[in-house]
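Open the model in your viewer and keep the sequence panel beside it. This tour goes stop by stop, with something to select at each one.

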Amino acid sequence: MSLFEPIRIGALDLPNRLVMPPMGRTRADDQRAPTALMATYYRQRADAGLIIAEGAQVSPFSISRPGSTAIHNAIQVAGWRRVAEAVHAAGGRIFQQLSHHGRRVLASRLPPGQAPIAPSAIAAEGFLETREGREIFAVPRALTVDDIARVVAEYRQAAVNARDAGFDGVEIHGASALLVDQFLRDGTNRRTDQYGGSAENRARFLLEIVDAIGGVLGTARIGVRLSPHFGGDGIVDSNPARTFSTVAELLGTRRIAYIHLVESALTPPADRLSAALRTAFRGPLIVCGDYDQASAEQALAEGRADLVGFGRLFIANPDLPARFRHSSALNTPVTASFYGRDARGYIDYPTLDDLKAG
Ligand SMILES: Cc1cc2nc3c(=O)[nH]c(=O)nc-3n(C[C@H](O)[C@H](O)[C@H](O)COP(=O)(O)O)c2cc1C
């Protein structure tokens, strides 16, 4: 098994198994719409088997840092259309990651009178650095059952918007302590209704989103990202192996395109959950986190995954597949420009062809 063996995931045939995972780079405009610069950035990376575009907020009530993107209005859809068209014109394939930050949304970024939302009224631990200084997370408002239906409808509409923008599918952001993750874990979800308690109940919100989007795009165009090892913001679960195996099994019954598991290549074998999730899910599995070519090939050879995400390596190497193929040296990612606002450190990493041309 090699990174260069083609694979079918859901409704899509991929020419290789290198995935560019979602990475917010804060180059959107003030309307949270993608810019021409972003279309260039994604086009440069179209040789990936699959690009998953950075997390875009599904709701006007979920706002991340300045320069981050959203996909709930027509201006944003027009910006994303430019991105999808550029990638397709260069022969690539692209999904849109859909996110809602839930209790991680800073109250100061919301319209007056709005509070962040979450499954339960438990604040995230810690703070975010903003231009105005540190802001601690507010205690969120626990969603009512009617509110949950409205948020599920926002995800559905965002997926329709992504389809209208020309994306090949969507990835539901169920990782990184964001809203879906807040529902999945019993430390942040203390509900006593049908959305809390058992792992099946905690997965209900995610499954309702999958079913709502599946009704318009088909489940073969849906991926789900999960990060059972993530512990930021004080998010915890009393039994991640059981919780996430249950989630994977339920997603398997929907025959979605893939699960995208954030699990570092450095995770000790005894702590890995990839095997358990794979058995439970039975569909294509992407793993991502600290992989290089050798550890990725090893993960494929050992049957631990079907595809591998390379985040920071794709930031620094627009032609990463060609570099792997030819065992060429790699550019080094420059952390300082990950969240920049202009072209520097964004679209100016050289390709092998640029270097040859001198
Ligand atoms: C600048 C930056 C932005 C990121 N933004 C997102 C995001 O929007 N959604 C997400 O699920 N993960 C995000 N991530 C995490 C990456 O998708 C990936 O999991 C992480 O970089 C680990 O992979 P790597 O070791 O290959 O870089 C981001 C990572 C970086 C470096």
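**Stop 1: V170.** Select V170. This residue is buried, because its relative accessibility is 0% and buried means under 20%. Keep in mind that you are looking at a predicted model. Now widen the selection to residues 169–174: that is strand β11, and V170 belongs to it. Next, add T219 and draw a distance between the two C-alpha atoms. The viewer should give 9.7 Å between V170 and T219, although 49 residues separate them in sequence.

**Stop 2: the ligand.** Select the ligand and show what lies around it. How many residues surround the ligand? There are 16, and the closest are P22, R225, D290, G311 and R312. Colour this shell by class. You will get seven nonpolar residues, six polar ones and three charged ones. Turn on a pocket display if you have one. The largest pocket is the space that the ligand takes up.

Now zoom in on the ligand's oxygen atoms. Three distances are worth drawing.

- G311: a polar backbone atom here is 2.7 Å from an oxygen atom of the ligand.
- R225: an N or O atom of the side chain is 2.8 Å from a ligand oxygen.
- G55: a polar backbone atom is 3.3 Å from an oxygen atom of the ligand.

How much of the ligand does the protein bury? Taken alone, the ligand exposes 610 Å², and the protein buries 83% of that.

**Stop 3: D290.** Stay by the ligand and select D290, one of the closest residues around it. D290 sits in the loop between β14 (285–288) and α9. Check its backbone angles. The phi of D290 is positive, about 65 degrees, although D290 is not a glycine. Is D290 buried or partly exposed? D290 is partly exposed, because its relative accessible area is 40%.

**Stop 4: S295.** Move along to helix α9, residues 293–301, and select S295 within it. Show side chains here. The side chain of S295 makes a polar contact with the side chain of D292, at 2.8 Å. S295 counts as buried, because its relative accessible area is 17% and the cut-off for buried is under 20%.

**Stop 5: D233.** Jump to the loop between β12 (222–226) and α7, and select D233. Look at the backbone again. D233 is not a glycine, yet its phi is positive, at about 60 degrees. With a relative accessible area of 15%, D233 is buried.

**Stop 6: A257.** Follow the chain to the far end of α7 (240–253). Between that helix and β13 (258–262) runs a loop, and A257 is found in it. A257 is buried, with a relative accessible area of 0%. Add A270 to the selection. How far apart are the C-alpha atoms of A257 and A270? They are separated by 27 Å, with the two positions 13 residues apart along the chain count.

**Stop 7: D186.** Finish in the loop between α4 (179–184) and α5 (199–202), where D186 has its place. D186 counts as partly exposed, at 22% relative accessibility. Select S198 as well and draw one last distance. D186 and S198 are twelve residues apart along the chain, and their C-alpha atoms are separated by 8.6 Å.

Notes:
Residues numbered from 1 in each chain as written. Predicted model: local features only at pLDDT ≥ 70, side-chain atom pairs only at ≥ 80, totals over all residues. Heavy atoms only, no water. Near = heavy atom within 4 Å. Polar contact = N/O pair within 3.5 Å; in protein donor to acceptor, adjacent residues only side chain to side chain. Areas by Shrake-Rupley, 256 points an atom, 1.4 Å probe, with all protein chains shown as cover. 1 Å grid on protein atoms, 1.4 Å probe; cavity = no way out; pocket = protein on both sides within 12 Å on 5 of 7 lines; lining within 4 Å. Sits in = over half its atoms within 2 Å of the grid points. Nonpolar A, V, L, I, M, F, W, Y, C, P; charged D, E, K, R; others polar. Helix = DSSP H or I, 4+ residues; strand = E, 2+ residues; numbered from the N terminus. Buried < 20%, exposed > 50% of the residue type's maximum accessible area, 1.4 Å probe, protein only.
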